[in-house]
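Here are a few exercises for reading a protein structure, each with a worked solution. Try each task yourself before you read on.

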Amino acid sequence: MKRVLMLSPEKCIGCRTCELVCSFSKIRAFNPKCSRVSVFSFDEAAVSVPMMCMQCEEPSCMKVCPTSAITRNQDGTVIINHQKCIGCKLCIAACPLGNITFSTAEGKIVKCDLCGGEPKCADYCPTGAIEFKEASPNVISRKKAIAGKFKELLGEVNE
């Protein structure tokens, strides 16, 4: 069965351990700017939210890539083939969550690749705010419920 990242913002304490462990696993340096996960703090709502590529069912980044450098591997993870990537950054503009970036330190487009099936952010999160779970119907419905809460809490501002 497929596994998915499950975020529980109510458990996030904003420690940013996920950012540090991610950057260390990718570039062997503790540099949050090189992390594939970012923790956003919403002071007014008193909540911190770890955000990374959510492996969309229909990834916009994959659709806009002119060289087909963004694909799904056999596990269903959306990955970047850096041999094909020309660095046009269309994928960055296409991601509705802003979870693809250009790493100046690495000189390439980067995103979460689930650490090859063993996401370090989930392994080291001290509160369980990030978990890597089997994609059971319960987990998927919980994930959709959390997404609905975010939309309600952090939805677009209409003026």
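**Warm-up: burial and ground rules**

Buried residues, meaning those under 20% relative accessible area with a 1.4 Å probe and protein chains only as cover, make up 36% of the 159 residues in the protein chain. This is a predicted model, in which local features need pLDDT of at least 70, side-chain atom pairs count only at pLDDT 80 or more, and totals for chains, interfaces and linings use all residues. Residues are numbered from 1 along each chain as its sequence is written, and side-chain values use heavy atoms, leaving out hydrogens and water.

**Exercise 1. Describe the fold and its compactness.**

Step 1: Look for helices (DSSP runs of H or I, at least four residues) and strands (runs of E, at least two), numbered from the N terminus. You should find five helices and eight strands.

Step 2: Put them in sequence order, and the pattern reads β-α-β-β-α-β-β-α-β-β-α-β-α.

Step 3: Check the radius of gyration, taken over C-alpha atoms, against the globule rule of 2.2 Å times the number of residues to the power 0.38. The chain has 16 Å, close to the 15 Å that the rule gives for 159 residues, so it is as compact as a globular protein of that length.

**Exercise 2. Find the largest nonpolar core and see what builds it.**

Step 1: Recall that a nonpolar core is a set of buried Ala, Val, Leu, Ile, Met, Phe, Trp, Tyr and Cys residues joined through side-chain atoms within 4.5 Å. The largest one has 20 residues, and L5, C18, M52, C112 and I130 have the most contacts inside it.

Step 2: Ask which elements give two or more residues to this core: they are β1 (3-7), α1 (17-27), β3 (47-51), α4 (120-124) and β8 (130-134). With three residues, β3 gives the most.

Step 3: Zoom in on C112, using contact in the sense of heavy atoms within 4.5 Å. Not counting residues up to four places away in sequence, C112 touches L5, R36, M52, C53, Q55 and V78.

Step 4: Look for a second, separate core; this one has nine residues, including C61, A69, I70 and I100.

**Exercise 3. Is S103 buried or exposed?**

Step 1: Locate S103 in strand β6 (residues 101-103).

Step 2: Its relative accessible area is 5%, so S103 is buried.

Step 3: List the neighbours of S103, not counting residues up to four places away in sequence: C34, K108 and V110.

Key: Buried means under 20% relative accessible area, exposed over 50%, partly exposed in between (1.4 Å probe, protein chains only).
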